[in-house]
Amino acid sequence: MGPAPSTAEEFGAALTTLRHRARLSVRQVAARSGIPASTLGDYFAGRRLPPWNRPEVLRGILEACRVPAEDVAGWEQRLWDLRTKPEPAPVRRAPWLGLESYAPQDADLFFGRGAEVAELRGAVASALADHAVVAVVGPSGAGKSSLLGAGLAEPGEDVDLRRLTPGALPVELLEETLAVLASSGHVRLLVVDQLEELFTLGHDRSVQDRFVEVLATWLSGGDVPPSPEGPATGRRAVVVGLRADHYGSAAEHPLLLRALRERQVLVAPPGPEELRGVITGPAELVGLRLQDGLADLVLAGAVGHGRPQQVLPHLSHLLRSMWSVSDRRELTREHYEQVGGFRGSLVRWADDVVEALPEEDRRTARRLLLRLVGVQPGQAPSRRWASREELLSLGPHAQDVLEHLSDRRLVVLEDDRVSLSHEVLLVDWPLLDGWVRRRGDALRVRDRVALRRAEWLEAGRDPALLLTGSQLAVARDWLAEHREDVTAEEEEFIEAGARREEQLAAGRELTHRRTRRLLAATTVLALATASLSVAAFSSRQQVQVQRDEARSRQVANQAVSLRGEYPATAAQFAASAHALRPTREAVVAVLDAAAGPHLTRHLDPTGVNRGDVSPDGTWVALGSADGSVRTAAALTDDGLGAPSTAVNVLTEQTSPTTGVADLVVTPDGGEVVATAGPDGLRLVEVTDPARPRDAGVLSLPTEGYAVSLDVRTVEDGQLLVAGAGEEVLAWTRPVEGGGLPVGGWEAVGSVADQGRPVVDLALGPEGRRAVTLGDDGTATLWQVRPGGWRRVADTLVDPDGRLQHRVELSPDGTTAAVVGRDKTLRLFAVDDEGLTPEGEARAFASYVNDVEFAPDGEQVVAVGVGRGGAPVAAGSAGMGLHGLGRAGGVGGHRGTQRRGRGPGRGQVGGRAGERRVVLLGHDRAGARAARRRRLHHPHRRGGGAASRRGGCRRRASGPLRHRRGPPSAGAALGDPGS
């Protein structure tokens with residue numbers, strides 16, 4: 001009969017051996033014994049034992065399997081022994097850790113990841129030899145932190161291993177850790193867990209670059225800080241844990257990109273076998289019994305979970321909760337139901353922790369938990385580390401509430417820092433999710449204030465780093481509406497910014513009063529001079545005329561000097577100069593004052609990222625950083641109308657762009673086409689501009705993302721093109737006689753292959769020519785024809801291709817302009833043979849952000865910053881580059897982005913007698929702005945190219961990647977003074 005079985009599984013295996021010897025199937029045994037086949041399946045699989053109080057069940061199975069009668073008693077004794085086996089001692093060690101990550105001391109309980117542990121250790125061994133970085137990548141909840149903790153529990157006897165998470169001060173923490181490693185053994189290993197905190201806690205690009213630079217310096221053999229004994233020797237490596245949705249952010253840094261390409265350990269959601277090991281392995285290790293069939297019940301709930309990437313934290317928490325309510329000897333189905341099952345255990349537990357508090361303390365718990373959630377524009381909510389001091393300032397009972405949440409493992413304490421126990425709470429706990437959704441905007445403002453305050457303190461309370469302008473206005477609104485959620489330190493920082501703003505305003509008012517007195521004195525002097533001239537007109541007429549002209553020129557020059565900083569005062573001086581005598585200088589001063597912009601701010605919490613104007617100028621399409629498209633009513637002297645309901649075009653935030661990368665309004669004004677990341681192009685119907693709606697998706701036939709768009713009315717309909725990866729994709733649709741489209745877009749597919757990633761493209765008049773710009777600095781001229789474009793010629797604009805990011809064709813298609821980060825505007829003649837260089841301008845002190853031709857093709861406007869910080873636009877006439885001038889009102893916004901439609905669309909957003917344009921970009925404080933101004937002054941003389949701008953259009957790539965600082969929630973509209 002063999003050895004006696006000690007478990008239900010072994011008893012079932014013994015019965016299965018008998019069935020196999022008898023050459024019977026389960027159904028055949030069921031037919032012979034009269035026992036249902038499903039019940040027999042449980043017995044043979046070891047999920048259940050036959051009942052000991054009904055001996056006929058076991059006897060029927062044995063008789064069906066032809067077991068000799070003399071052996072039946074032995075089998076009944078085995079069943080009795082299993083049923084009456086004495087209870088084991090209670091288990092003192094918890095087999096599962098719940099929402100906590102596995103640490104090195106928990107390595108023996110870490111089951112289900114054997115393949116990943118072996119792969120990680122092999123990658124680390126290789127990286128130590130090469131002084132390289134290993135990247136452990138996976139979705140939130142996949143178990144990356146546990147793999148880094150338990151999987152690297154025994155790196156080797158001579159390996160000195162240190163661990164850190166970036167937190168609020170990543171560079172300082174990294175340098176402190178590396179200083180400890182500098183005095184350690186011959187082999188050094190640094191583990192950086194939750195590297196995504198470098199991108200989710202509001203750190204600017206300089207902090208991210210410095211963090212990676214310190215890692216690279218240490219890997220290359222240098223000590224941080226440098227050791228007086230010289231560079232250390234020995235092997236060293238870095239292992240980073242990265243959440244998969246921040247893959248693109250990490251790939252922007254060459255050191256991390258190399259790790260992602262060459263040494264990546266992918267942590268995917270576990271399969272059924274791995275999950276079974278997580279359930280049964282720790283229980284067997286500590287001697288905890290699982291009721292027959294319980295493992296299958298729990299496994300079924302885990303496999304049926306709606307989010308596979310979140311199954312591990314749910315499973316570990318469920319098993320830990322069952323163990324907590326059990327007798328520590330055996331887990332049963334009753335325990336499974338008692339804690340709420342697989343889907344309800346975590347929610348019920350988290351709700352019970354909060355509801356156990358008194359009503360007043362619940363409000364404190366809500367404020368405290370929201371302090372542990374970080375919300376950044378365009379990103380999903382993430383865990384945020386907060387200092388204990390910050391949390392204890394939330395109220396008199398904050399200490400008790402924090403201890404309550406910590407004792408029940410809803411939050412974790414690490415030194416003086418506090419965080420949520422796991423990010424799964426942000427996804428699957430409805431109570432916390434509802435709090436975050438209702439206060440998302442307030443949390444974003446809080447995080448921006450916290451980041452600016454940290455920079456202010458680090459710089460020794462430098463007044464220049466206090467909040468100003470729209471950022472201060474938004475922060476003060478947040479303080480007024482959510483005062484109970486604001487700490488005393490944050491309130492002090494906001495009030496300091498308000499006091500400095502008041503001081504600056506008082507200084508400006510003093511200057512204005514002095515200017516008004518000077519104006520009044522000048523006006524009185526002019527009136528007195530005029531009165532004396534009338535009295536002595538007959539004898540002093542010629543002398544008076546000369547004197548008035550001199551004074552007019554003097555006041556006009558004063559108006560010119562004041563125009564940049566005090567446009568309103570400059571206008572009064574210009575009017576006074578013209579009143580004295582209409583000299584040429586006075587006329588020019590009046591025209592300049594009349595052309596100056598008048599700004600109207602339009603606050604927008606989503607951050608305006610892209611924009612385009614309808615053909616009739618009655619509405620504007622806005623693409624936001626949160627991945628949505630909205631419309632706003634007509635451009636009026638009061639600014640934009642209220643934005644419409646948002647239409648989401650991005651299903652998720654993806655790299656390489658943040659938010660809407662580009663959008664265009666079709667020539668008929670009936671649709672907005674926007675880039676939609678991996679989904680392709682999103683169509684938004686705007687038949688009623690006040691109520692835009694999702695009209696579907698144009699899928700990309702190739703992998704990658706579309707980063708630039710253009711659309712034209714061609715001979716037989718409309719042509720839409722998109723630059724995606726190294727290819728140009730096209731769609732067409734016919735139009736009626738009145739210019740209205742008939743039917744939907746028909747995919748043409750790939751019409752051109754640049755050979756390098758396309759960073760920009762431009763269609764010529766009637767879509768007969770096109771120019772594409774690759775990331776290697778090559779501009780390619782194409783002949784547009786059905787079935788595929790013909791490559792005419794390639795022209796290398798600049799050997800360093802990364803410096804070029806804009807290309808534009810003139811309305812007649814005979815001139816091309818290229819600008820970029822090399823501070824240069826270049827013009828090329830375009831003919832059937834290719835592009836021929838014509839001229840260039842290098843009067844810019846920084847990036848040239850955009851370029852556009854006037855509707856007549858005689859002038860070109862390039863927007864950038866001139867030498868000395870002055871905003872500059874470069875002008876072109878005919879075949880050469882002739883002038884440079886200040887682009888008043890345009891260059892004042894850094895990172896300006898524009899896009900348009902070329903000939904036939906020159907009066908973008910205009911009305912009869914006017915030409916207007918919408919410019920999107922960032923002001924010096926990082927705020928996005930939309931600015932509108934008249935572009936045509938038929939009586940103006942001089943003034944450079946800035947006075948001759950034609951219809952412009954908005955660009956969608958390039959400058960956004962270089963913006964600095966978080967975007968503010970606002971836009972501004974400009975209109976000329978009267």
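Is W456 buried or exposed? Keep that in mind while we walk through this predicted model; we'll come back to the tryptophan after a look at the sheet and some helix packing.

Let's start with the sheet. Five strands make up an open sheet, and reading across it the order is 2-3-4-1-5, with parallel pairing. On the outside sit strand 2 (159-164) and strand 5 (264-266), each of which pairs on one side only. Ignoring direction, neighbouring strands are turned against each other by 15° on average. As general background, strands in a sheet pair through backbone hydrogen bonds, in either a parallel or an antiparallel fashion.

Now zoom in on one pairing. Strand 1, residues 133-138, runs alongside strand 4, residues 236-243, in the parallel sense, and six bridges join the two. If you want a spot to click on, try V136: its bridge partner in strand 4 is G241.

Next come the helices that lie across this sheet. Helix 6 (residues 114-130) lies across strand 1, strand 3 (187-192), strand 4 and strand 5, and runs at about 140° to strand 4. Helix 10 (residues 205-219) lies across strand 1, strand 3 and strand 4, and its angle to strand 4 is about 150°.

Further along the chain there's a helix-helix contact to look at. In general, a packed pair of helices is described by the angle and the distance between the two axes. Here, the axes of helix 18 (residues 359-370) and helix 22 (residues 430-438) come within 11 Å and cross at roughly 70°. That angle falls in the 65 to 115 degree range, so helix 18 and helix 22 count as roughly perpendicular to each other. Helix 18 brings R366, L369 and L370 to the contact, while helix 22 brings L432, W435 and V436. Sorted by type, the residues of this contact are five nonpolar, no polar and one charged.

That takes us back to W456. The structure holds five aromatic pairs, and one of them is W456 with F493. Their ring centres are 5.2 Å apart and the planes meet at 50°, so this pair is classed as tilted: the angle is neither under 30 degrees, as stacked would need, nor over 60, as edge-to-face would need. Because W456 belongs to helix 23 (residues 440-458) and F493 to helix 25 (residues 488-535), the pair ties together parts that are 37 residues apart in sequence.

And the opening question? W456 has a relative accessible area of 6%, which is under the 20% cut-off, so W456 is buried. Its partner F493 is buried as well, with a relative accessible area of 0%.

Key:
Residues are numbered from 1 along each chain as its sequence is written. This is a predicted model: local features need pLDDT of at least 70, side-chain atom pairs count only at pLDDT 80 or more; totals for chains, interfaces and linings use all residues. Side-chain values use heavy atoms; hydrogens and water are left out. Two strands pair if DSSP finds at least two bridges between them. Helices (H or I, at least four residues) and strands (E, at least two) are DSSP runs, numbered from the N terminus. Axes are lines fitted to C-alpha atoms, for helices over the stretch in contact, and angles run from 0 to 180 degrees between N-to-C directions. Contact means heavy atoms within 4.5 Å. Angles under 35 degrees count as roughly parallel, over 145 as roughly antiparallel, 65 to 115 as roughly perpendicular and the rest as oblique. Ala, Val, Leu, Ile, Met, Phe, Trp, Tyr, Cys and Pro count as nonpolar, Asp, Glu, Lys and Arg as charged, and the others, Gly among them, as polar. Rings of Phe, Tyr and Trp (its six-membered ring) pair if their centres lie within 6.5 Å; planes under 30 degrees apart count as stacked, over 60 as edge-to-face and the rest as tilted. Buried means under 20% relative accessible area, exposed over 50%, partly exposed in between (1.4 Å probe, protein chains only).
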